[in-house]
Each structure stands twice: as structure tokens, then as C-alpha cells.
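Student: I keep getting lost when I look at the whole thing at once. Please pick a single part, take me through it closely, and tell me where I should be careful.

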Amino acid sequence: MRDESILVKSTKGVTFLMFTQLFTKILTFLLNNLLIRYLSPKIFGITAFLAFLQSTALFFSREAIRLSTLRISNSNVREKQQENDELSYNSNNNHTDSDAEIYDYDNNVFQSIINFSYIPIAIGFPLSLILVFWQYNKLNDYFINLPYFTLSIFILWCSIIIELLVEPFYNINQFMLNYKTRSQYEGIAVTSSCIINFLVVYLHEHNHNKMLSISPSSSSTSSSSSSTSLAELGNGHDIFSEEGIAILAFAFGKLFNSITLLVLYYRNYLTSFKPYRKFQLKLVRIKHGGSGNNAGSNSLTGYYFENNIIEHFKKVYFQLCFKHLLTEGDKLIINSLCTVEEQGIYSLLSNYGSLVTRLIFAPIEETLRLFLTRLLINKTNHNLKLSMEVLINITTFYLYLTIIIVIFGPINSSYMMRYLIGSKWSSTSVLETIRVYCFYLPFLSLNGILEAFFQSVADGDQILKHSYLMMLLSGVFLLNSWILIEKMKLSLEGLIYSNIINMVLRIGYCVLFINKFYKELFSGKSSLIVNFKNFKKTIILSGIIGVFDWYFLGGYTKNVKELVINIGLAMLIVFFIIYNERKMILSFVKFRREKTN
């Protein structure tokens, strides 16, 4: 795949992933708004913990392989095989243009990806068992005694195993940058998950109400004590049973999400890959060096896994372990230092407060990582300069969006949240805490793209050095959290401050690395900072508007009129940014038109 083709597919991929995130978040947003008015913070907290448990098992099982397989090279394609494939393709008029891309790859590339995709399954089966049993035995007796709770845990474990079976299909599509396929399937899977979640709760409520409507007639001939018992039951719902059903519905939702993904990806394999016979869905010994990355004598005797990809996997896995502990460390901390109700509040903050991050920043970060990893398999001077240009443009966009979040997020977030949460949350500190959370979002987002760039261009030794830094920062994060939460009694705000400190240190390390990389690439320029000279004007204007908003409009938003004024001020900054960066925007639009034509 040519460099320009990778860039075009990646820019389209951002759009697909953004729309997928928007669609899935709207669905989960609606579902959460239905459930949040009936579930206590305690149950909301335990479902958030179970989701964290599932994501942790999946992350440690598959993430390193997903990153490592992107580095498999297609450079040594055998000319004879390529000619035969092209002849076979040309003789079949039923293929679409997108199918032609399959013939760009050597069979051994695809088979190597399939072989590596079985590693997550081998890791995930024992790892998920250990995690589930370990956390199950640590849970409060209240949750263990809930109806269907043990069944829910088993169903959740099954969903982990089924989702790992998707990896061979996912990694093939990821390597080919098939964002549209992934977006469609994830959207359908989330939809099925929400429907099942709702149906389980609805059917339980329907059956429960039906039983209550029958009870009075059947109890007329019963003893007075029995009548009293039924009356007590009829006065309201059985909260204990409802909480168990809520967790069971959550587990079934996760299970059907995994099943839907597996069915859709397997169907995609049958229609889009199997007819070309480029690979087999089993471990196969590769007898040629075909994929080009294999170093050593095993290219003569055959191999299952390429040596250099395995070495890269080990270093990336070591790094990702500490990165995940830092990224998800807040959940580990609140499980240890905060109450279950505080866990539910933080889960709510993560769902609502980071909505912008997951809708916009997360798709860009993931697409950037895939684009750079594929592009920089061949580290030519042209590819390196293209990667740096893309990074600078994305960072500029992030900084502009950061200004808007920092100025208008804390002022308006609590007012907007008041209309999204029910009465059960009115006595909590969520409205105050979300203001602090708004300051954390820019650091979280900027760190994401900078580390995505680092992971794509760093060699094995640099990744190992970064892993040691992650180990050190894990200790710093735990220490800060203990001081701020346990000693200074700052609760969730202390956790957010700890995360901000952690992100600042990680961003600082990546900035130093990228600046050094930039100096070596562009020897005539002294620093990466020169690319952000237009940023000063926006900072000055935004500062003036921020001061005006706080001191002359009365601080925090209290009514719709003030909210509309804040939206107008934000749009003023947006229009100024567009005018200030009009040259970059026009050049990007021109590039897209040329590639489309």
C-alpha cells in the first residue's frame, strides 16, 4: 500500500471511527439515562467495576499483539506469486476495487498475522480466570449474595473468551486499515448489547408486575400473616432482586456484544477473504521468509512467529502493562481508597465528562497510531517528514480544542449535568467534581496522541526505557493518590489531581523525545515549538473572553440565557481559529479533493 493511500484511508478512518463512537455513545447515553434514575450509585459502581475487569483482561491479552502485527512488513513479496495473483484477479470480473487490495499482500503476511492472533487467546484464557476468581473473592458479601450474581460473573468471563476469538479476523482487517468494516460491526454489536440489556430488565419488570397483579386475588383466602407479607411486597419493587437483575442484564449485554462481533467478523471472512485462499484459520508453519521481517535462520527451516516481531511484542507488552496501570490506575485506586458510592460517581464522571474525549480524541489517537505504524515500517526521510507534519497538525487542533474545554467546561458542566442525572444523585458531589474533571480532559487527550507517535517511531530500546519510566510513574501516581485522598481527604478531586500530575510527567517525556526526533529530522530548525507561532493570538483572545465570562457574566452558569451566551462566546473563538488557520484548512481540503478525483 502506497504512503498516500495509507494517509487517505487513515483520514477516512477517523471519520468512520468518530461516527461509530457517536452512534455507540448516543445508545449507551440513552440507556444510562434510563437506568441511572432507577439504579443506586452502589450498583452503578459495581457494573463499572465489572466493565473495568473485562477491559483489563482484554487489554492485557490482545493490545500488544494488535500493535506488534502492524509492524509486519510486506516488502519481500515474491514477484512470481504476485504476477499469478494479479492474473487470477484480472480473470475474475466479480471482484470490486476494494478486493484488489488483498492481492497487494503476500500470503505469508496474512498467515503471520493469523499465527500471532492466537497468542491473545493463549494469554487471555488463564489470565481472565485468575482475574475473575481473584476479584470475585475480594467483593463485598452484599454483591455476592445478590440473585444471579455468580451467574453474571460466569457470563462476563464467557464474553471475554468469545471476544478474544475475534482477534484473527480483527487483526487482518486492522492491518488492511478496513475502518469501515470495523465501524459497522462495532456499531451493530453495541446496538445488540443495549437491546439485550434493556430486554432483560424489561422482561423482569413485566413478570414482576404481572405477579403483583395476581397476588391480591390469590391471597384473599390466606392467613392474615401471609396477607401482610404480600402487602409489603406489593408496596413496591424488591430492590435486592432488581439490583441482581441489573447486573445480570449488564453481563448478558456484554455477552451478546462479543457474540455479535464474532458472527459478523466470521461472515466477513467467508465473503471477503476465504475465496482468495490467502491464509488458513489455524497455526501454520511458514516455510519462506516472505513477510520480510524475519531475521535469522528460521526463515530456512520454517517458523510460526517472526523473531523480531516477537521481540517487539515482549517490549511493547512490558510497556503496556505499566501504561494500563497508569491509564486505568484511577479505577484501581477508587476500588481501594473510595467507597462504592464514590466509585459510582467517578464512573458517571468518566461516562459524561470524557464524552468529548471518546467521541473526538480517541478515534484520532487510534487512527494516528495505526497510520504511523504502517507508514513507518519503511522509515524513509519522506515518510518521517510526513509523520511529523501529521502530528503537528493534529497537535494544533488538540491545543485549540483544549482552550475551549478549559474556558467553558468548568463554567457550564455542572449546569448541564443537573438535567442529566436523577434525584438519587442530587445529594452527591458529582456537580462540583465534574468542574475539576474538565481540567483533566486536555491532559488526557494530548498525552494520547503524543504517546501514539512515540509508540510508532520508537525502537525496542526506546520502548524499554519508556517502560521503566512507566514503572517509576506508577509509584509516583500511587503515592500522590494516597496523600491526596487518604491524608488530605480530597476524595475524587484528589484522584483527578493525581491523574493530572501523572499526565504532565508523561507529556513532558514525550515532548522531549519528539523535540529531539524533530531536531534530527529537520537539522535546519531548532525546535518543534516554531510550528505553533500562530497559537499566541488565539491564547490572547481566549484569555480576554475567559476573564469577561467569569467576572462580568457571574461565573458558573445558572440559567439557559447564560448557557446560550457561553455558546456564542465559544463560537467566536472557533471562528477566529478557522480564520487563523485558513491556509492549513484549505490545503487539507485541496489534498482530499485531489485524492478523491
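Tutor: Let's begin with the careful bit. This is a predicted model, and over residues 290–297 its pLDDT stays under 50. The model still has 28 contacts beyond four places in sequence for that stretch, so it's tempting to read them one by one. Don't, because where pLDDT is low, the predicted coordinates should not be read in detail. Residues 76–98 need the same kind of care: pLDDT stays under 50 there too, with 21 contacts beyond four places in sequence in the model.

Now for the part I'd like you to zoom in on: the pair made by Tyr269 and Phe279. Their rings are 5.8 Å apart, centre to centre, with 40 degrees between the planes, and that counts as tilted. Where do the two residues sit? Tyr269 is in helix α12 (residues 239–272), while Phe279 is in the loop between α12 and α13 (298–301). The pair therefore ties together parts that are 10 residues apart in sequence. Are they buried or exposed? Tyr269 is buried, and Phe279 is buried as well.

This pair has company. Ring pairs join Tyr269 and Phe279 with Phe110, Phe169, Tyr266 and Phe273 in a cluster. Try colouring those six residues and following the links from ring to ring. By the pairing rule, the count comes to 23 aromatic pairs.

Rings can also have a charge over them. Arg435 lies over the face of Tyr556, 3.8 Å from the ring centre. Likewise, the charged end of Arg582 sits over the ring of Tyr579, at 4.2 Å from its centre.

Once you've got the hang of that, zoom out. The chain has 24 helices and 0 strands, and 52% of its 597 residues count as buried. Take contacts between residues at least 6 apart in sequence: 84% of them join residues at least 24 apart. For one example of residues separated in sequence, go to Glu365 in helix α17 (residues 355–375). Glu365 and Gly448 are 83 residues apart in sequence, yet 6.1 Å apart in space, C-alpha to C-alpha. Beyond its neighbours within four places, Glu365 is in contact with Tyr398, Gly448, Ile449 and Ala452.

Last, back to confidence. The chain's mean pLDDT is 78, and 73% of its residues reach 70 or more. Among the elements, helix α8 (residues 149–164) has the highest mean pLDDT, 94, and helix α11 (residues 224–234) the lowest, 40.

Key: Residues are numbered from 1 along each chain as its sequence is written. This is a predicted model: local features need pLDDT of at least 70, side-chain atom pairs count only at pLDDT 80 or more; totals for chains, interfaces and linings use all residues. Side-chain values use heavy atoms; hydrogens and water are left out. Helices (H or I, at least four residues) and strands (E, at least two) are DSSP runs, numbered from the N terminus. Buried means under 20% relative accessible area, exposed over 50%, partly exposed in between (1.4 Å probe, protein chains only). Contact means heavy atoms within 4.5 Å. pLDDT is the predictor's confidence in each residue, from 0 to 100. Rings of Phe, Tyr and Trp (its six-membered ring) pair if their centres lie within 6.5 Å; planes under 30 degrees apart count as stacked, over 60 as edge-to-face and the rest as tilted. A charge sits over a ring if NZ of Lys or CZ of Arg is within 6 Å of the ring centre and within 35 degrees of the ring normal.
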